[in-house]
Amino acid sequence: MTAVWALLPCVALAFSSCIRIPVSTGTKRVEVAAVSAATPKKVAAPAPQRDPDVLVWMIADNLHTGMVFEYDWLLENGFRPPVGFPKAKYVTMSWGNREAYLKKAWLTPWQAVRALCWPSPSVMEIIPFNYNVVDVCHYQHVWKKLVPRDRGPAVAAFLNGCVKQGPDGNPIVLGTSSWGKGVIVESPWNYSIPRVCNTWTVQVMEACGCEVHPWGAMTEGGVVKQAESRKNGFQKIWDAYDKEDGKE
C-alpha cells in the first residue's frame, strides 16, 4: 500500500505532462559587472509611475480560443518576436495544428480526426494590430481581465517556450497569418488530444495568475467557464458579430 501512495505523485506528473506544454517559466539569471568604488555614481531618473495592472483579452469562436496582449508589455518582459515583426499596440496569439493554420481553411473530417488523435506538428500564430480589440476581433466573443503587471516575465517566458528557434535564436517563421499582417511560427510541441488549442489558452491564463484546470479545457465552452469563474474574473465585453444576418 505504501508503494502505491509513493507512485501517486509520479502518476499526477505523467497526466499533467501529457496535457500541459512542458515549458519552463523560470527567468534567466543576469550577471551584473562589478563597478569600481572610484567610479562616480549616476543618479538615475525616477521611473515613470505605471498602472500596476495591465489588460489582457481572451477571444473565442465556437471552437477555438486565443489571447490578446499589449505588445510592449510582452517585449519589456523578454518576449522574443520573429525578425522583422512590426511594431504594434496589441498582438493576438493562438496555437494549434500546423496543417490547419497553413492551409488557412477548415480541415476535412478525416484530417480533423487525424490531427486530434495522432500527435501532429503545431504552430503559434502572432498577429499585430493597433485598433481597439473589439473593433478588430468583432467576429469573435471577447473577454477582458486586469492582470498584475509583474506577471509579465512568466507570460513572456511561456510564450517563448511555445516557439521553436532557429540556429540564430530567432523564431522560425513558416508563413503568413490567417488574417492581418502577422506570421505563423513553428512550435516544438505536438498537437493532439488532450493537448489542443484550448488547453494552450488556459495555460497562458495560468501564466497570467489564473487558477485553471487544463483537463477541463478541451472545448471552447470549458475555457469560457474557467475564465468567467469568480476566482479568475474575465468579463465578457463583446458577442461575436454574425456575418450572415449582420446582428450581434
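Leaving aside neighbours within four places in sequence, with which residues is Ser-94 in contact? In this predicted model, Ser-94 touches His-64, Thr-65, Gly-66, Tyr-101, Val-123, Met-124, Glu-125 and Trp-200. Ser-94 belongs to strand E3 and is buried, its relative accessible area being 7%. The side chain of Ser-94 also takes part in a polar contact of 2.6 Å with the side chain of Tyr-101. The setting of this residue is described below, beginning with the chain as a whole.

The chain contains eight helices and eight strands. Of its 248 residues, 40% are buried. The accessible surface amounts to about 14,600 Å², and carbon and sulfur atoms account for 59% of that area. When contacts between residues at least 6 apart in sequence are considered, 72% of them join residues at least 24 apart.

Eight strands form an open sheet in the order E6-E7-E4-E3-E2-E1-E5-E8, and their pairing is antiparallel. Strand E6 (173–176) and strand E8 (235–238) lie at the edges, each pairing on one side only. On average, and with direction ignored, neighbouring strands of the sheet are turned by 30° against each other. Helix H7 packs on this sheet, where it touches E1, E2, strand E3 (90–97), strand E4 (120–129) and E7. The direction of H7 makes about 35° with that of E2. At the E6 edge, three bridges connect E6 with strand E7 (residues 183–191), and the two strands run antiparallel. Within this pairing, Thr-176 is positioned opposite Val-183 of E7.

Strand E2 has pairing partners in both E1 and E3. Four bridges link E1 to E2 in an antiparallel arrangement, and a hairpin connects E1 with E2 through four residues. Ile-59 has Gly-66 of E2 as its bridge partner; Gly-66 is also among the residues in contact with Ser-94. E2 and E3 are likewise joined by four bridges and run antiparallel, with Phe-69 standing opposite Val-91 of E3. Because five of the six residues of E2 are buried, this strand is largely enclosed by the rest of the structure.

The largest nonpolar core comprises 45 residues, of which Phe-69, Met-93, Met-124, Leu-159, Trp-200 and Met-205 touch the most other members. H7 supplies the largest share of this core, namely six residues. Met-124 and Trp-200 recur here, as both are in contact with Ser-94. Beyond its neighbours within four places in sequence, Phe-69 is in contact with Val-56, Leu-74, Lys-89, Tyr-90, Val-91, Met-93, Val-155, Leu-159, Val-204 and Cys-208. A second core, separate from the first, consists of eight residues, including Trp-57, Ile-59, Tyr-90 and Phe-129.

Helix H8 (residues 220–227) is also largely enclosed by the rest of the structure, because six of its eight residues are buried. These buried residues are Glu-220, Gly-222, Val-223, Val-224, Gln-226 and Ala-227. They pack against strand E1 (53–60), strand E2 (65–70), strand E5 (141–148) and helix H7 (197–207).

Conventions
Residues are numbered from 1 along each chain as its sequence is written. This is a predicted model: local features need pLDDT of at least 70, side-chain atom pairs count only at pLDDT 80 or more; totals for chains, interfaces and linings use all residues. Side-chain values use heavy atoms; hydrogens and water are left out. Buried means under 20% relative accessible area, exposed over 50%, partly exposed in between (1.4 Å probe, protein chains only). Contact means heavy atoms within 4.5 Å. Two strands pair if DSSP finds at least two bridges between them. Axes are lines fitted to C-alpha atoms, for helices over the stretch in contact, and angles run from 0 to 180 degrees between N-to-C directions. A polar contact is a pair of N or O atoms within 3.5 Å; within protein, one must be able to donate a hydrogen and the other to accept it, and residues adjacent in sequence count only if both atoms are side-chain atoms. Accessible areas come from the Shrake-Rupley method with a 1.4 Å probe; for residues, only the protein chains shown count as cover. A nonpolar core is a set of buried Ala, Val, Leu, Ile, Met, Phe, Trp, Tyr and Cys residues joined through side-chain atoms within 4.5 Å.
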